[in-house]
Amino acid sequence: MKKSDLDKVKIKQIPAQKRTNPFANVFDEFVGFCRSRSMFMLHYCTGCGAIELPPAMTSRFDMERLGIQPMVSPRQADILLITGYVSIKTLKRVILTYEQMAAPKYVIGICSCTVNGGMYWQSYATAKKLDEYFPVDLYIAGCMPRPEAVIEGLQQLMQKIKANEANSWKQYYKNYDYFLGNQQHLFGNNWQTPTDVIGEAETYQLAGPNTLGEHTKILQSVQTPLKPLEMKL
Amino acid sequence: MNETFLTITEVIMMPIVAFIIGLFMVLMMRKLAARIQRRIGPGVFQPLYDIVKLYGKQTQISHGLIHDIGIIMAVGGYVAAVTLLPVPGMNGIADKGGIITLTYLLMVPSLGLALGVGQCANPNGSIGISRALTSMLAYDIPFIIVIFGVATHFSSTSLVSIIAAQQVGGFGTWGISEMPLLALAGLFALHASLGKHPFEIYVAPAEIATGPMVEMGGKFLGGLFVMQSFQLYAASVLYVSLFLGGGENWVTFLLKCFAVLIIPFAIAYLFPRYRTEDLVRLMWKWPVMLALLGIAFVMN
C-alpha cells in the first residue's frame with residue numbers, strides 16, 4: 001500500500017445522540033444495574049497476587065454473593081483481572097485477551113507491579129505501567145492486597161458501573177493510536193493482533209479524532225490479513 | 001374457534017412460565033452448590049441479572065450466520081419441547097404431540113449447539129461438542145428404554161393420558177411405585193442429560209475452557225443461559241410427568257419439580273467427573289441394565 005493511500009483511510013465520525021425517550025433511560029439504568037450485579041471475571045494470574053483470589057472466591061469471602069463469578073474464556077468475561085507483574089511476553093497475550101472480550105469490559109490491576117512495576121522496576125523485560133497499553137479501570141495497590149482489599153476494589157468497580165462511569169473501554173477505541181504506539185514501542189513495528197480494532201471502532205461508532213494516527217499507519221502498512229488455520233491430522 | 005384461541009394462548013404462555021420457573025431452578029442449583037461449599041451464594045435475582053447483562057453487551061462477536069442460527073435452534077428446541085409438556089391447567093399441544101415427538105425435540109438443542117460451535121473454529125469448542133454428542137449418545141439409550149417402558153405400561157404415548165392414569169389412585173398408581181426400576185434408570189439418564197458432575201464431560205472449564213461455550217460471548221452466552229433454564233425445567237417436568245404423577249395443582253407440581261432436581265444437584269457438587277469413555281461405559285451398563293430389567297417387569 002502506498003503512503004498516499006494510507007492518508008485516505010478516514011473514519012466517519014457520528015456525534016453522540018441523546019436518548020430522548022424516558023423509558024429508554026429507565027431501561028438503560030436497569031441494564032446498568034444488572035451489569036454491576038453480574039460480573040464475570042477472567043483472572044489472568046501472572047504473579048503472586050493470584051494466591052489472594054482463591055480465598056476471595058471460596059467460602060471465606062464468597063464473591064458469588066456479589067454476583068462475581070470466575071469465567072474461563074475471554075469471550076464470556078466482563079472483568080480482566082491482572083494479578084501481578086506483566087512481562088513483555090505476557091503483555092502480548094494480555095492484549096490479545098483484552099481485545100477479544102466483549103464490551104463493556106473492565107480491567108483491574110492488582111498488586112503494585114501493575115501500578116508502577118513494583119519490585120520489577122529495574123527489570124528490562126517487564127511492562128511497568130499497565131494503563132499505557134490498554135485502559136485500566138481500577139488499581140488495587142498492595143504487595144499483595146488481601147482478599148478484603150480485592151473485594152473492596154470490586155465493590156468500588158460495582159459503584160462505578162452503576163453510576164455509568166466505568167467507560168474506560170471506550171478510550172481504547174478513541175485513543176487507539178496512543179495505546180498502539182506504546183505497544184509498538186515494546187513489540188516492534190510488526191506487531192498486529194487478530195482483532196480489527198479500527199474496524200470495530202467504526203462499526204460501533206466509537207471512533208474519535210485520536211483513533212487513527214501515525215502508529216495506526218504503521219500497523220496498516222504491515223498488517224497481513226488473517227488466514228484460517230490449516231487443518232492437519 | 002374458541003378452543004384454537006385457548007391453545008394458542010397456552011402455547012405462548014407455557015414457554016414464559018417455563019422460563020420463569022427455570023430461572024428459579026438455576027438459582028436453586030447455584031444456591032445448593034454454595035451451601036454445599038459453605039458459601040452464601042448468589043442473590044434471588046442473580047440468574048436474571050446475568051441474562052440481562054449478557055444481552056446488554058455493547059459489542060457482540062458473531063462468527064457467522066450459522067453461529068446465530070445454532071443458538072436459536074438450541075433455545076427453540078426447548079421452547080418447542082415445553083409446549084408438549086403438560087402443566088396443571090395447561091395442556092398446550094401435549095395431546096397432539098406425544099412423548100415420541102418430545103424425545104425428538106429434546107435432541108434438537110444439542111444438534112443446534114453443534115452447528116453453532118462448528119462455525120466458531122475453536123478447537124476447544126469442537127472437542128467440547130464432540131463430547132456433548134457422545135454423552136447424548138450415552139444417556140439417550142437408557143432414556144429411550146425408559147420412555148418405551150413407561151409408554152408400554154400405560155399403553156399410551158400421550159403424556160396427558162399417562163398423567164391422568166397416574167392421578168387415579170394417588171401415590172399407589174404413580175409411575176415410581178409401579179415401575180421403581182425404570183424410575184431409577186430414568187433418574188440416571190436425567191442426571192446425565194443435565195450435564196452436571198460427575199457427567200460434566202463437555203463443559204470441563206479447567207481442561208477445554210467450557211467446551212461448546214468457549215467462543216460464546218454476549219447474546220450468544222445469554223441464549224445459552226436461557227437454554228439452561230429451559231433445560232432444567234424440561235428435564236424435571238418430563239420426569240415428574242412420567243413417574244411422579246404430574247401435577248394436580250401448581251403447589252404440588254412445583255414441589256415435585258424442584259425435589260426431582262435436588263437429587264442430581266446434591267450429588268453433582270460432591271464428585272469430580274468421569275472421562276468420556278467411562279461415562280459411556282457406565283451409562284450403557286448400569287442404567288441400561290436397570291431399565292431392561294424394569295421393562296421386563298412391565299411387560300410381564
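## A cavity, an interface and some unusual backbone spots

In this predicted model, the search for enclosed spaces of 30 Å³ or more comes to a count of one cavity. The volume of this largest cavity is about 40 Å³. Its lining is made by A:Arg35, A:Ser38, A:Asp78, A:Pro104 and A:Tyr106 together with B:Lys53 and B:Lys57, and when these residues are sorted by class, four are charged, two are nonpolar and one is polar.

Since the lining draws on chain A and chain B, a reader may next turn to the place where the two chains touch. Here 32 residues of chain A are in contact with 31 residues of chain B, and the two chains bury about 2600 Å² between them, with 55% of that area on carbon and sulfur atoms. Within the area that chain B buries against chain A, B:Tyr49, B:Lys53 and B:Thr59 supply 24%, which is more than any other three residues. One of these three, B:Lys53, is also among the residues that line the largest cavity.

Which kinds of pairing cross the interface of chain B and chain A? The rule for polar contacts finds 19 residue pairs there, both residues of each pair being at pLDDT 80 or more, while the rule for salt bridges finds six across the interface of the two chains. On the side of chain B that touches chain A, helix H2 (46–55) and helix H10 (219–243) of chain B each supply at least two residues, and the largest share, six residues, comes from H2(B). Sorted by class, that side of chain B has 13 nonpolar, 11 polar and seven charged residues.

The salt bridges deserve a closer look. Side chains of opposite charge can pair when their charged atoms come close. Over all chains, a search of the whole structure finds 14 salt bridges. In one of them the side chains of B:Arg30 and A:Glu64 meet, with 3.0 Å from N to O. Because B:Arg30 lies in helix H1 (residues 2–36) of chain B, whereas A:Glu64 lies in the loop between helix H3 (53–57) and strand S2 (68–70) of chain A, this pair joins two chains.

The backbone also has a few places that a careful reader can find in the model. In chain A, the peptide bond that joins A:Ala103 and A:Pro104 is cis, with an omega of about 0 degrees. A:Pro104, which belongs to the lining of the largest cavity, is placed in the loop between helix H4 (88–100) and strand S5 (106–110) of chain A. In chain B, a cis peptide bond is found between B:His197 and B:Pro198, where omega is about -5 degrees, and B:Pro198 sits in the loop between helix H8 (180–194) and helix H9 (205–208) of that chain.

Where in chain A does A:Gln205 lie? This residue is in the loop between helix H9 (197–203) and helix H10 (214–222) of chain A, and although A:Gln205 is not a glycine, it has a positive phi of about 55 degrees.

Technical notes: Residues are numbered from 1 along each chain as its sequence is written. Chains are lettered from A and ligands numbered from 1 in the order in which they are written. This is a predicted model: local features need pLDDT of at least 70, side-chain atom pairs count only at pLDDT 80 or more; totals for chains, interfaces and linings use all residues. Side-chain values use heavy atoms; hydrogens and water are left out. On a 1 Å grid over the protein atoms alone, a cavity is a set of points where a 1.4 Å probe fits but cannot get out, and a pocket is an open set with protein on both sides within 12 Å along at least five of seven lines; lining residues have an atom within 4 Å of a point. Grid points are joined across faces, edges and corners, and a volume is the space filled by probe spheres set on the points. Ala, Val, Leu, Ile, Met, Phe, Trp, Tyr, Cys and Pro count as nonpolar, Asp, Glu, Lys and Arg as charged, and the others, Gly among them, as polar. Contact means heavy atoms within 4.5 Å. Buried area is the accessible area (1.4 Å probe) that two parts lose on being put together, summed over both. A salt bridge is a side-chain nitrogen of Lys or Arg within 4 Å of a carboxyl oxygen of Asp or Glu. A polar contact is a pair of N or O atoms within 3.5 Å; within protein, one must be able to donate a hydrogen and the other to accept it, and residues adjacent in sequence count only if both atoms are side-chain atoms. Helices (H or I, at least four residues) and strands (E, at least two) are DSSP runs, numbered from the N terminus.
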